[in-house]
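Colleague: Thanks for making time for this. Could you take me through the reasoning behind your labels?

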Amino acid sequence: MENHSKSETFSLGITMAGAVSAGCYTAGVMDYLFEILDLWEKAKDGKVLTEFSDIIPKHCVKIDAMGGTSAGGMTTTISAIYALNGSINPVTKPERLDEIKNNILYDSWVLMDDHNKSDTRPLFEKLLDTDDLEEGVFGSLLNSKFIDTIADQAFYTSEETHLEKKTKELPSYISKDLQLLYSHCFLRGIPLDVNFETSISKYGRKSVIPNHSTFEHYIVTQYHLNNGIKPDTEKYLWLNPYDKPYSDVLKLSTIATGAFPIGLAFREFKTEHLGDEYLKTTIKRIITGEFGLNNPKADNIKLKYFPKNYSSVAIDGGAINNEPYREVLSILQHQNGDDFEDGYPRYGVIMIDPFPDRAQSKKSYSKPNDAVDVAQGIIGTLMDQSRIKRREMLETDSSKYFKSIIFPRKWRTNKENKIIGPPGTITCASAMAFGGFLDRRFRQHDFFLGRNNARNFLRYFYSFPYDKEKGDIHPIHRCWTDQMADAFKFEKKKGSGKFYLPIIPDLHLLAETETERITKRNQYDIPKTPIYDPEELFKLENKIKKRFRKIFTVLQERDFSEAVHQAKAAEFETLTTLQKNAIKRAEQKNLIAEKWIQKKYGPNGFSKMGAFISTPFLKLGMFFTKRVAAKKIARIVISEILKDLASKGLLKK
């Protein structure tokens, strides 16, 4: 393959935000991006579009890092495997929805588990199965086994694959030292200590440590391709989707970042997955923001109370950081530096966000009436606070890098292709972003919407100003001839004289007339938004009731006191001898209170007899209560889903 590194190179990082079922939109964006990069690569090598060889731009755009959270993290992994496998097979037409396309971006996100030959039921019906509850453990509201099935399919290879060989064969638009990173929320915090010790407190207070501890729950798993060679595992994880145990750890990161709290099953990272030294390095990167350095500059961070042989349950990384674009940007910064004498950025990050956050500045203040109203706002408040972007705000106006975003847009137009209304809603946004699980047509629609939005983004938004008279030309465009510029440039507003050139040239433009280019901006591969038939949901009412009854049964039979005791016992073993002795002394003091409580409220003969007589009636009451509650919840779930679908114009009239 021809080496294009002699020309100017623009370094690219991609961040994929959390999106639950709308990951299919992100997958569509990546499918179009790979299609254009691959077409451009082949054209530069003289394999296609030879009739346009004189106007094929020769600069290089290279993906150095990708990162994501939740559905975005899953798409990050799928994109990396897609690139490594080396067979770019874009899905350009929406015909034959049920057909396997041999494109893991499409097959994983649009077909999901619907093309499973051993179980042809729709996906949402499978999510209501109760086989995951048979062992008496309530893991999630929805059966999450389909996620493991999709992950297994994405990681599957039918032949022996050598990572080093695959890495050498990568096209120039994928770095041979590609890095991936994922956001996670670990339920077990890692202590971060602020030392309040003074010169005098060091003496005579050996049993008291005057420090202040907070706990870090945000963890990043960061992978290096490293030219196909295993990196230093104390600093990085190995981006190796082919060989165990490295592929298993990568698969765990992929699934764990999308473990939507309560809705989908949580996952567990053990010591064998993430070693203590790796975690210490990661914590230092998180504190300093230096994800591009092998050894973060953090000598003053001691992690004195780091729990050895660390393990933890992880839930959706979106609970803390739903868009890790600062982390991806840090990798690019350290790789490219910031000292550009001409002032033109040589790297940039693209964020793909199916649900971009927008401030509701016009929303009026509403005072809560009571503690119930306050309680309802607590979770949202804590989530907003954990996701806040302070460092990112300070860097917003930096001219040292290029930052841009791709998000859903589907304009309504008239026969003259004039915009006549606001953009439509991404269909998978329905049902609390779980709408894509209801109907594969929603997923297909959003996949192609992602492709169409990526097309417009690359052609008209991901660009630099081009003013030949004033000499305002980005270095990647300085080797362009006038014919090249004429083939790809566009005017911001007709007659303004302000022209732009794309960073990634969409070579499909070469076969389009000026009129076709204009009309195509507001054309969509799936012009009509799919409409959901509520009868499909009504058919599943009994399945919903059955699943909730089973959940109630599992919870009823759960010994909460024993579970708490086991958790405390496990935590106790991780403490120091000093901490254990302190807990034992506290427990001995608690015995005094327990004796007083037992004396006043302990059971007597009459209460024991009453409990014996009432137990069968309580069990019978619980049986009917579970059925009534499950029925009520099922109808609430169905009602809320239908209301949300209707509000977004997705429900059959």
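Colleague: Why is Leu-382 called exposed?

Modeller: Its relative accessible area is 56%, and exposed means over 50%, so Leu-382 earns the label. Please keep in mind throughout that this is a predicted model.

Colleague: Where is Leu-382 placed, and which nonpolar surface patch does Leu-382 help to make?

Modeller: Leu-382 is in helix 10, which covers residues 371–386. Together with Val-374 and Ile-378, Leu-382 makes a nonpolar surface patch of about 270 Å². As a general point, an α-helix has 3.6 residues a turn, so residues three or four places apart point the same way.

Colleague: On to charges. What makes Glu-125 and Arg-121 a salt bridge?

Modeller: The N to O distance between their side chains is 3.9 Å. The cut-off is within 4 Å, so the pair counts as a salt bridge.

Colleague: And are those two residues buried or partly exposed?

Modeller: Glu-125 has 21% relative accessibility and Arg-121 has 23%. Buried means under 20% and exposed over 50%, with partly exposed in between, so Glu-125 and Arg-121 are both partly exposed. They also belong to a network of salt bridges that links them with Asp-119, Asp-129 and Lys-543.

Colleague: How many salt bridges are found in the whole structure?

Modeller: The search finds 38. One of them joins the side chains of Asp-342 and Arg-346, at 2.9 Å from N to O.

Colleague: What makes Asp-342 partly exposed, and what makes Arg-346 buried?

Modeller: Asp-342 has a relative accessible area of 32%, between the 20% and 50% limits. Arg-346 has 16%, and buried means under 20%, so Arg-346 is called buried.

Colleague: Why do you say that the pair of Glu-512 and Arg-459 ties together parts that are apart in sequence?

Modeller: Their side chains meet in a salt bridge of 2.9 Å, N to O. Glu-512 lies in the loop between strand 15 (499–502) and helix 14 (514–520), while Arg-459 is in helix 12 (residues 440–461), so the pair ties together parts 53 residues apart in sequence. Glu-512 is buried at 13% relative accessible area, and Arg-459 counts as buried at 3%.

Colleague: Now the rings. Why is the pair of Phe-146 and Phe-437 called edge-to-face?

Modeller: The structure holds 22 aromatic pairs. In this one the ring centres are 5.5 Å apart and the planes are at 75 degrees. Centres must lie within 6.5 Å for a pair, and planes over 60 degrees apart count as edge-to-face, so the name follows. The pair links distant parts of the chain: Phe-146 is in helix 5 and Phe-437 in the loop between strand 11 and helix 12, 291 residues apart. Both Phe-146 and Phe-437 are buried.

Colleague: What makes the pair of Phe-186 and Phe-269 stacked?

Modeller: Here the angle between the planes is 25 degrees, with 5.2 Å centre to centre. Planes under 30 degrees apart count as stacked, so this pair gets that label. Phe-186 is in strand 3 and Phe-269 in strand 6, 83 residues apart, and Phe-186 and Phe-269 are both buried.

Colleague: How do you know that the charged end of Lys-251 sits over the ring of Phe-155?

Modeller: The charged end of Lys-251 is 5.3 Å from the centre of the Phe-155 ring, and the distance limit is within 6 Å. The test also asks for a position within 35 degrees of the ring normal. The charged end of Lys-44 likewise sits over the ring of Trp-40, 4.0 Å from its centre.

Colleague: Why is helix 7 described as largely enclosed by the rest of the structure?

Modeller: Helix 7 spans residues 246–256, and 9 of its 11 residues are buried, so the description fits. Among them are Val-249, Leu-250, Lys-251 and Ile-255.

Colleague: One more: why is Asp-644 called buried?

Modeller: Its relative accessible area is 19%, and the label needs under 20%, so Asp-644 counts as buried. Asp-644 is found in helix 19 (residues 605–647). Leaving aside its neighbours within four places in sequence, Asp-644 is in contact with Ala-429, Ser-430, Ala-431 and Met-432.

Key
Residues are numbered from 1 along each chain as its sequence is written. This is a predicted model: local features need pLDDT of at least 70, side-chain atom pairs count only at pLDDT 80 or more; totals for chains, interfaces and linings use all residues. Side-chain values use heavy atoms; hydrogens and water are left out. Patches are made of residues with over 30% relative accessible area and no salt bridge: like charges are joined within 9 Å, nonpolar side chains (Val, Leu, Ile, Met, Phe, Trp, Tyr) within 5 Å. Accessible areas come from the Shrake-Rupley method with a 1.4 Å probe; for residues, only the protein chains shown count as cover. Helices (H or I, at least four residues) and strands (E, at least two) are DSSP runs, numbered from the N terminus. Buried means under 20% relative accessible area, exposed over 50%, partly exposed in between (1.4 Å probe, protein chains only). Rings of Phe, Tyr and Trp (its six-membered ring) pair if their centres lie within 6.5 Å; planes under 30 degrees apart count as stacked, over 60 as edge-to-face and the rest as tilted. Contact means heavy atoms within 4.5 Å.
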